[in-house]
Protein chains: 2
Amino acid sequence: MAELKYEIVENIAVLSEGAKGWQKELNLISWNDRAPKYDLRDWSEDHTKMGKGVTLSSEEVQELKKALQELTL
Amino acid sequence: MAELKYEIVENIAVLSEGAKGWQKELNLISWNDRAPKYDLRDWSEDHTKMGKGVTLSSEEVQELKKALQELTL
């Protein structure tokens, strides 16, 4: 598998901290030099290791925002 | 690997629709009969196949909601 290149353009929010310093984060990430996308996943403390996650377009983030506003937590 | 049992307790929102009817969804899902958690991932049209995603606690969803409210999209 080819190496995955990524750059965390902006760390928007840390949602929680788990074991060994891993954090669930919302970031703006550029994958393989492409235009940055929103990204929600777990990261190790130094951001060298990542867990599974989802990448979201601005449109999807907009829909998510709407859905959460209507949600009673 | 043991079979993964899941039940979609509530379909909260569909964020987008992709190729072959796959949808990015925010759901409340019970994994292996445990208490339901929020879950953001891609699903096939009939919900028999799933993509990678993230599972979120209510606290994490609350933090995400706050972060998105402050975000200019």
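This section describes the fold, the helix packing and selected residues of a predicted two-chain model.

Chain A contains one helix and four strands. Along the sequence these elements follow the pattern β-β-β-β-α. The C-alpha atoms of chain A fill a box of roughly 40 × 30 × 20 Å along the principal axes. Of its 73 residues, 41% count as buried. Among contacts in chain A with a separation of 6 or more, 21% involve residues 24 or more positions apart. UniProt, in an unreviewed entry, places the feature "domain: Transcriptional coactivator p15 (PC4) C-terminal" at residues 20-67 of chain A. Over residues 20-67 the chain is 21% helix and 48% strand. The end C-alpha atoms of that stretch are 32 Å apart.

The strand pairing was examined next. In chain A, strand 1 (residues 6-17) and strand 2 (residues 23-31) pair in the antiparallel sense. Nine bridges support this pairing. Glu7(A) stands opposite Ser30(A) of strand 2. The two strands form a hairpin, with five residues between them. In the turn, Lys20(A) has a positive phi of about 55 degrees. In chain B, strand 1 and strand 2 run antiparallel and are joined by nine bridges. Here Ile8(B) has Ile29(B) in strand 2 as its bridge partner. A hairpin is formed in chain B too, with five residues between the strands. Lys20(B), in the turn, has a positive phi of about 55 degrees.

Helix 1 of chain A covers residues 58-69. At 1.5 Å a residue, its 12 residues should span 16 Å. The end C-alpha atoms are 16 Å apart, which agrees with that expectation. Six names make up the buried set: Glu60(A), Val61(A), Leu64(A), Lys65(A), Ala67(A) and Leu68(A). Seen down the helix axis, the buried residues fall within an arc of 165 degrees, so they line one face of the helix. An α-helix has 3.6 residues a turn, so residues three or four places apart point the same way. The buried residues of helix 1 of chain A pack against strand 3 (37-43) and strand 4 (50-56) of chain A. They also pack against strand 1 (6-17), strand 2 (23-31), strand 3 (37-43) and helix 1 (58-69) of chain B.

Helix 1 of chain B was treated likewise. Its 12 residues should span 16 Å at 1.5 Å a residue, and its end C-alpha atoms are 16 Å apart, which agrees. Glu60(B), Val61(B), Leu64(B), Lys65(B), Ala67(B) and Leu68(B) are buried in this helix. Their directions fall within an arc of 165 degrees down the axis, so these residues line one face of the helix. In chain A, the packing partners of this buried set are strand 1, strand 2, strand 3 and helix 1. In chain B, the partners are strand 3 and strand 4 (50-56).

The largest nonpolar core has 27 residues. Those with the most contacts inside it are Leu40(A), Leu64(A), Leu68(A), Leu40(B), Leu64(B) and Leu68(B). Leu64(A) reaches across to chain B. Neighbours within four places in sequence aside, Leu64(A) is in contact with Leu56(A), Leu15(B), Leu26(B), Leu40(B), Leu64(B) and Leu68(B).

Two buried polar residues of chain A were then considered. Asp39(A) lies in strand 3. Its relative accessible area is 0%, under the 20% cut-off, so Asp39(A) is buried. Asp39(A) and Glu25(A) are 14 residues apart along the chain, and their C-alpha atoms are separated by 7.9 Å. Beyond neighbours within four places in sequence, Asp39(A) is in contact with Glu25(A), Leu26(A), Asn27(A), Ile29(A), Trp31(A), Val54(A) and Thr55(A). Ser44(A) is found in the loop between strand 3 and strand 4. Ser44(A) is buried, with a relative accessible area of 6%. With neighbours within four places set aside, its contacts are Gly21(A), Trp22(A) and Lys49(A). Ser44(A) and Gly18(A) are 26 residues apart in sequence, and 9.5 Å apart in space from C-alpha to C-alpha.

Loop residues with positive phi complete the description. His47(A) is not a glycine, although its phi is positive at about 60 degrees. His47(A) is found in the loop between strand 3 and strand 4 of chain A. It is partly exposed, with a relative accessible area of 24%. Asn32(B), also a residue other than glycine, has a positive phi near 50 degrees. Asn32(B) lies in the loop between strand 2 and strand 3 of chain B. Its relative accessible area is 32%, and Asn32(B) is partly exposed.

Terms used: Residues are numbered from 1 along each chain as its sequence is written. Chains are lettered from A and ligands numbered from 1 in the order in which they are written. This is a predicted model: local features need pLDDT of at least 70, side-chain atom pairs count only at pLDDT 80 or more; totals for chains, interfaces and linings use all residues. Side-chain values use heavy atoms; hydrogens and water are left out. The expected span of a helix is 1.5 Å times one less than its number of residues. Buried means under 20% relative accessible area, exposed over 50%, partly exposed in between (1.4 Å probe, protein chains only). The arc is that of the directions from the helix axis to the C-beta atoms. Contact means heavy atoms within 4.5 Å. Two strands pair if DSSP finds at least two bridges between them. A nonpolar core is a set of buried Ala, Val, Leu, Ile, Met, Phe, Trp, Tyr and Cys residues joined through side-chain atoms within 4.5 Å. UniProt positions are given in the numbering used here, feature names are shortened, and annotations may be inferred rather than shown by experiment.
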